[in-house]
Amino acid sequence: MILKQLDNKIKTDCRYFKGFIPCIYNKSDDAECFSLESGLCNFYNKINERILIIKLGAAGDVIRTTPLLYPVRNKFPNSFIYWLTDFPELVPSYGNSKNGADKVLKLDEKSISFLKSCHFDTIYNLDKDEHACGLINQLDSSEKHGYILKNNLPYPTNDNAVHKYNTGLFDRLSKENKKNYLDEIFEICGFVFNKEEYILPEYERFENESIDKNKIVIGLNTGCGGRWTSRLWSEKYWIELTRNLWGNHFEVILLGGKEEDEKNKRIAYLTGAKYFGTFPLKYFIGLVDKCEIVVSVVTMAMHIAIGLKKKLVLLNNIFNKNEFELFNRGIILEPEKKCTCYFSPTCINSEYKCIEHIRPESVYEVITKLLYLDQ
């Protein structure tokens with residue numbers, strides 16, 4: 001009897017209801033779900049659908065999947081959106097963006113245990129990953145889009161997911177592909193990509209008095225991570241480009257993570273470029289935000305620059321250039337010699353490294369072109 005009375009009073013379908021602590025409006029306004037005096041709570045915000053997005057990694061792919069939040073929120077305006085990922089710090093939250101995710105979950109045993117006990121109206125799994133596909137098979141949902149396990153292997157849930165499935169299996173189809181990544185993931189989920197922009201997580205402003213605000217600031221992201229070394233531009237080329245920029249009165253900031261720290265210190269010492277060290281993500285985003293133009297290979301920093309709406313020079317060799325959406329703010333520069341290491345983590349060409357055939361003078365020329373992109 002008491003439990004039945006509770007069922008009639010407690011609004012577990014309210015966006016702000018926590019189930020274990022007071023909601024924010026109970027704290028700020030003494031609001032309660034229902035009382036004889038005031039009737040239904042003035043802050044009651046009913047959830048109609050519960051949506052789960054599964055996009056685990058890589059870090060850059062998580063960032064460039066965030067535009068999907070726009071059509072999901074538009075189709076389900078009163079939904080509660082969960083996002084499962086390896087990089088929760090990269091997913092924008094509803095508290096900081098009206099299109100953000102309501103609850104971001106890091107992939108671990110606790111999150112999996114929780115998700116297995118939930119019901120969802122729709123799940124979008126964008127990872128052709130055995131763990132992600134195995135998990136979606138075990139979750140309760142009225143609709144499932146993307147990839148599941150079939151015969152113990154990743155497989156499309158429906159026709160919308162076939163295109164990206166095939167391009168991931170066959171290099172010929174991948175090379176022939178004309179769709180960018182956002183076209184593909186929107187299609188998987190039943191939407192059409194209409195140039196929706198990235199949504200970055202909240203970040204901290206970066207201030208340093210040594211940055212010359214009277215000059216155009218160029219950010220050079222000198223690394224590519226430890227796995228995909230086939231796209232690593234040589235240190236001597238970064239030095240040559242930096243000296244050229246410095247000599248033509250640009251302000252140059254070196255960007256990178258821990259793997260690039262020693263290299264960036266050397267480049268800074270030899271060229272006079274600014275290097276401020278490595279930072280946690282929220283400060284690194286703020287540092288990139290100080291730049292007008294960013295030069296990078298395909299990395300997380302590239303996606304951060306796109307999310308910040310910066311002009312971008314993208315050095316690309318091993319990927320299909322059509323997969324990148326630069327929102328008309330960037331130029332893709334590829335080697336003068338053909339790349340023979342398509343989607344290969346390490347260079348397998350014994351005759352030459354194609355990435356070395358993107359010349360510093362070509363990069364400088366493209367930078368100067370980008371200065372006049374909006375004029």
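Which residues line the largest cavity? In this predicted model, the lining consists of Arg-64, Tyr-181, Leu-182, Tyr-198, Met-302, His-303, Ile-306, Glu-323, Phe-324 and Glu-325. This briefing covers that cavity, one pocket, and the packing of helix H10 (residues 235-247) against helix H14 (residues 360-371) and against helix H11 (residues 261-271).

**The cavity**

- Rolling a probe the size of a water molecule over the atoms reveals where empty space remains.
- The count comes to one cavity of 30 Å³ or more.
- The volume of the largest cavity is about 50 Å³.
- Two elements, helix H9 (181-188) and helix H13 (300-307), each give two or more residues to the lining of the largest cavity.
- H13 gives the most to this lining, with three residues.
- By class, the lining of the largest cavity divides into six nonpolar, one polar and three charged residues.

**The second largest pocket**

- The second largest pocket has a volume of about 580 Å³.
- It is lined by 19 residues, of which Arg-15, Phe-17, Lys-18, Phe-80 and Lys-103 are the closest to its centre.
- Eleven residues of the lining of the second largest pocket are nonpolar, three are polar and five are charged.

**Helix H10 with helix H14**

- Two packed helices are described by the angle between their axes and by the distance between those axes.
- The axes of H10 and H14 come within 9 Å and cross at roughly 40°.
- H10 and H14 are therefore oblique to each other, as the angle lies outside the ranges for roughly parallel (under 35 degrees) and roughly perpendicular (65 to 115).
- The crossing of H10 and H14 is right-handed.
- On the H10 side, the contact is made by Tyr-237, Glu-240, Leu-241, Asn-244 and Leu-245, and on the H14 side by Pro-360, Glu-361, Val-363, Tyr-364 and Ile-367.
- Seven nonpolar, one polar and two charged residues make up the contact of H10 with H14.

**Helix H10 with helix H11**

- H10 and H11 pack with their axes 10 Å apart, at an angle of about 40°.
- That angle makes H10 oblique to H11.
- The crossing of H10 and H11 is right-handed.
- H10 contributes Glu-235, Trp-238, Ile-239, Thr-242, Arg-243 and Trp-246 to the contact, while H11 contributes Lys-263, Arg-266, Ile-267, Leu-270 and Thr-271.
- By class, the contact of H10 with H11 has five nonpolar, two polar and four charged residues.

Note on methods
Residues are numbered from 1 along each chain as its sequence is written. This is a predicted model: local features need pLDDT of at least 70, side-chain atom pairs count only at pLDDT 80 or more; totals for chains, interfaces and linings use all residues. Side-chain values use heavy atoms; hydrogens and water are left out. Axes are lines fitted to C-alpha atoms, for helices over the stretch in contact, and angles run from 0 to 180 degrees between N-to-C directions. Helices (H or I, at least four residues) and strands (E, at least two) are DSSP runs, numbered from the N terminus. Angles under 35 degrees count as roughly parallel, over 145 as roughly antiparallel, 65 to 115 as roughly perpendicular and the rest as oblique. A crossing is left-handed if the near helix is turned anticlockwise from the far one by less than a right angle, and right-handed if clockwise. Contact means heavy atoms within 4.5 Å. Ala, Val, Leu, Ile, Met, Phe, Trp, Tyr, Cys and Pro count as nonpolar, Asp, Glu, Lys and Arg as charged, and the others, Gly among them, as polar. On a 1 Å grid over the protein atoms alone, a cavity is a set of points where a 1.4 Å probe fits but cannot get out, and a pocket is an open set with protein on both sides within 12 Å along at least five of seven lines; lining residues have an atom within 4 Å of a point. Grid points are joined across faces, edges and corners, and a volume is the space filled by probe spheres set on the points.
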